[in-house]
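Visitor: I'd like to learn how to read the cavities in a protein model. Could you walk me through this one?

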Amino acid sequence: MSAEEQVAQQVSDLKIADKEEVSPTVFKSTEDFSVIHPLTDSWTLWYIKPPSGSKEDWKDLLTEVVTVSSVEEFWGAYNNLPKVSELPLRSDYALFKSNVRPEWEDVKNASGGKWVYQFRDNKAPIDDIWLNVLLGVIGGTMDTTQDPSVAREDQEINGVFVNVRRAGIRFNIWTKSKDLEKLRPIGLRFKELIKVKATDEVEFSGHSDGKSKNKIVV
C-alpha cells in the first residue's frame, strides 16, 4: 500500500469512528473521565489529498475528517491521525471553524487573507510546530488579543493550513479580514509559536490581492 493510500485509509477509519461516538469523551472509562472540557468553537479537520491530474476539481480533493468541540475530542483525533511528517507530497491538513470551509471563496474567508511561513529546512520539528499552531488556534491564544474570552464576532482567525510541498512545509493562518491593527498581533504570535528567528519574516497577504499588493511583514 502506498503512502497516499495509507493516509487515506487512516482518514477513513477516523471518520467512521467519529460517527459511532460510543463515549462522551475519547476515553473508554466514563467513570474516571466523565468531565469534558468544551472548546469555545467547534473545529473541523480536513484532509486534502494530492491531485492526480491537472484537471481535478479542488472540491474532489477535500475530505472532511472529524469535527471536535472539546479538548478530549481534539486529542482523540490528533493521536489517531498521521503526523504531518508522514503525509505524502502535495497534500494538506486544514483545521477550520466548523461553519467555515477551507476555501477562500467561502463568504467568511473572502474578505480576509493569510499569514504564511515556509520551512525549507527538513530538520525543522514540523510535527511539534503543527501541534503548537493547532493548540494556539483552538485555545484562542493566537487570536487578536491572545484572550480566549474575546467575543466570537471579534475573533479574526478562521482556520489554519499546513501544506506539504517539495520546496518545504508551509503553514498558513487564515483570517476573516485584512484589518492591519488586528492582524499584526496575530502575526507576531504566529511567529512565536512556530519558533522562528526574530530576523525571519512572516508575511500576510489578502486572498484577493496581487502578489505584492497590501502585504504585511513582521
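Guide: Gladly! Let's begin with a term: helices and strands here are DSSP runs, numbered from the N terminus, with at least two residues for a strand and at least four for a helix. Keep in mind that this is a predicted model.

Visitor: How many cavities of 30 Å³ or more does the structure hold?

Guide: There are two of them. A cavity is a set of grid points where a 1.4 Å probe fits but cannot get out. The largest has a volume of about 170 Å³, and 16 residues line it.

Visitor: Which lining residues are the closest to the centre of the largest cavity?

Guide: Look for Leu45, Tyr78, Leu81, Trp130 and Leu134. Two or more lining residues come from each of strands E1 (38–48), E2 (62–70) and E3 (92–97), and from each of helices H3 (71–78) and H4 (126–138).

Visitor: And what classes do the residues of that lining divide into?

Guide: For the largest cavity, 14 are nonpolar and two are charged, with no polar residues.

Visitor: Now the second largest cavity: what space lies in it?

Guide: About 90 Å³. Its lining has 12 residues, and Asp41, Trp43, Val137, Gly140 and Gln155 are the closest to its centre.

Visitor: Which element gives the largest share of that lining?

Guide: Strand E1 does, with three residues of the second largest cavity's lining. E1 and H4 each supply at least two.

Visitor: How does the lining of the second largest cavity divide by class?

Guide: Here you'll find five nonpolar, four polar and three charged residues. When you count these yourself, remember that Gly is placed among the polar ones.

Notes. Residues numbered from 1 in each chain as written. Predicted model: local features only at pLDDT ≥ 70, side-chain atom pairs only at ≥ 80, totals over all residues. Heavy atoms only, no water. 1 Å grid on protein atoms, 1.4 Å probe; cavity = no way out; pocket = protein on both sides within 12 Å on 5 of 7 lines; lining within 4 Å. Points joined across faces, edges and corners; volume = space filled by probe spheres on them.
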